[in-house]
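Visitor: I would like to go through this model term by term, asking each time what a label rests on. Could we begin once the structure is on display?

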Amino acid sequence: MEVQALPRLPSGRRQLRLKEALWQASERLRLPAFPGMRVTAKRLLNYYVVRYQHARGHLRLLGRPLTLVLEATNVCNLGCPACFTGVDEVGRKRSPMSMPLFERIMRELGDYALSVEFYNWGEPLLNKHLCEMIGVAAEKGISTLVSTNLSLPLSRSKAEALVTSGLALLACSIDGATQEGYEQYRVGGKLDLVLRNVRLINDVKRARGSSTPRVIWSYHVFSHNQHEIEAARALAAELGVEFAISKGWVAGPEWDDGGRFAYPVGMTPERCHYLWRHAVINNDGRVAPCCATFYEEDDYVSLNGRSFQALWNNTEFRAARRLYRDRERGTDARHLVCHDCPTTLTWADYRRHRAAGLPPESFTPGYTTNDWFNFFFNRRPQRAPSSDRAS
């Protein structure tokens, strides 16, 4: 019996497919381009281990977090209405992260992390050790990012400390081109002070011949300030800083349901990055499952002198990851904040969609980023007396 040869693709199409396959492989192997990050063998190996375990949905992790979200302080000087701190909620004792706690985190995780974000619910510049912390992380070859309202007195010496600290990115939240537009969200902020501080940082950079930190004007657009976008863009160009715009989420219905503006993050059907790739460590050393959680009741663990890696695989974290494998059997996770998170529910909806034989491109998430924000912002756990709370 004669065996028929399989049909061969034309040479041009074979070469095109080969190029596409090679490009896809190179993209999978490519490290993310974090400014200021130094590539080492240990960092590289950890990156691929974490990516593999995330893709496979492993419950017990061998890798260390790629991004560290460290709450430099949970104190803030403004009263932004879509921020727990801004509306005067108390999730935990308000204080800066101590230098000994930060150094301990660096000793255990610093050789593996690609980036450190020194902010979450507070104003990081209020931590007097911030520049020292940035210097430690930068010396280890970790990319560093600070997001600040910059609406506080900044001396030249403080500006010089920021510029010489090794900080890679300085994102300045400036949501308006006039005081009237700016202060509707940045309650208590002074636009002229912010702009003066930006000019001071730029002056110090020029004087020292430094290209860092990259200063970014971060503009959160709302219904009340959308008419000031172009004026703000022009101001940013005049100052010589980058301009980045994203839609601001609000408590209640989404203000821009026409989709003219994009959120900084979207609702996509994928396993939560925070449970596999990111670590959120609060100012008190307690570890949260996500940057959107605020209350200590939703924390999964406290460092409290213990190894992070052991805690990274504790009962709560493994139960939360199991929701992405078999939600129906995840009864041990019903008390966790991750259980009803829109990110988790979107993944469950997507799995049902694919199990029904439907193509991935036809899936539409049932939640928006604004729904995700409201899930957390409307969450107010019943509080036990402080003496009864878990340490």
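Visitor: By class, what makes up the lining of the second largest cavity?

Guide: This is a predicted model, and in it the lining of the second largest cavity has four nonpolar, no polar and two charged residues. The residues concerned are Arg104, Ile105, Glu108, Leu109, Leu303 and Phe308. Arg and Glu count as charged, whereas Ile, Leu and Phe count as nonpolar, so Arg104 and Glu108 fall in the charged class. The largest share of this lining, four residues, comes from α3, and the space inside is about 40 Å³.

Visitor: How many cavities of 30 Å³ or more are there in the whole structure, and which residues line the largest?

Guide: The search finds two cavities of 30 Å³ or more, and the largest holds about 50 Å³ of space. The largest cavity is lined by Glu71, Asn74, Gly91, Arg92, Trp121, Asn282, Asn283 and Phe294. By class, that lining has two nonpolar, four polar and two charged residues; Gly is counted as polar, so Gly91 belongs with the polar residues of the lining.

Visitor: Why is Leu114 called buried?

Guide: The label buried requires a relative accessible area under 20%, and Leu114 has 1%, so Leu114 is buried. Leu114 lies in the loop between α3 and β2 (115–117). Leaving aside neighbours within four places in sequence, Leu114 is in contact with Pro32, Phe34, Met37, Arg43, Tyr47, Leu66, Ile142 and Ser143. Of these, Ser143 is 29 residues away from Leu114 in sequence, yet their C-alpha atoms are 6.2 Å apart in space.

Visitor: Which residues have the most contacts inside the largest nonpolar core, and where does Leu114 belong?

Guide: The largest nonpolar core has 102 residues, and those with the most contacts inside it are Leu68, Leu70, Phe102, Ile105, Met106, Phe118 and Trp217. The element that gives the most to this core is α7, with seven residues. Leu114 belongs to a second, separate core of six residues, which also includes Leu31, Met37 and Val50. As for Ile105, its contacts beyond four places in sequence are Leu68, Leu70, Met97, Gly110, Ile281 and Leu303.

Visitor: How do you know that Asp88 and Asn304 are exposed?

Guide: Exposed means over 50% relative accessible area; Asp88 has 57% and Asn304 has 55%, so both residues are exposed. Asp88 lies in the loop between β1 (67–70) and α3 (99–109), while Asn304 is placed in the loop between β9 (301–302) and α10 (308–312).

Visitor: What is notable about the phi of Asp88 and of Asn304, and which peptide bond is cis?

Guide: Asp88 has a positive phi of about 70° although it is not a glycine, and Asn304, likewise not a glycine, has a positive phi of about 45°. The cis peptide bond joins Thr212 and Pro213, with omega about 0°, and Pro213 lies in the loop between α7 (191–208) and β5 (214–221). Most residues other than glycine have a negative phi, and most peptide bonds are trans, which is why such places are picked out.

Visitor: What share of the protein is buried, and how many helices and strands does it have?

Guide: Buried residues make up 50% of the 391 residues, and the secondary structure comes to 13 helices and nine strands. Among contacts between residues at least 6 apart in sequence, 70% join residues at least 24 apart.

Note on methods. Residues are numbered from 1 along each chain as its sequence is written. This is a predicted model: local features need pLDDT of at least 70, side-chain atom pairs count only at pLDDT 80 or more; totals for chains, interfaces and linings use all residues. Side-chain values use heavy atoms; hydrogens and water are left out. Helices (H or I, at least four residues) and strands (E, at least two) are DSSP runs, numbered from the N terminus. Buried means under 20% relative accessible area, exposed over 50%, partly exposed in between (1.4 Å probe, protein chains only). Contact means heavy atoms within 4.5 Å. A nonpolar core is a set of buried Ala, Val, Leu, Ile, Met, Phe, Trp, Tyr and Cys residues joined through side-chain atoms within 4.5 Å. On a 1 Å grid over the protein atoms alone, a cavity is a set of points where a 1.4 Å probe fits but cannot get out, and a pocket is an open set with protein on both sides within 12 Å along at least five of seven lines; lining residues have an atom within 4 Å of a point. Grid points are joined across faces, edges and corners, and a volume is the space filled by probe spheres set on the points.
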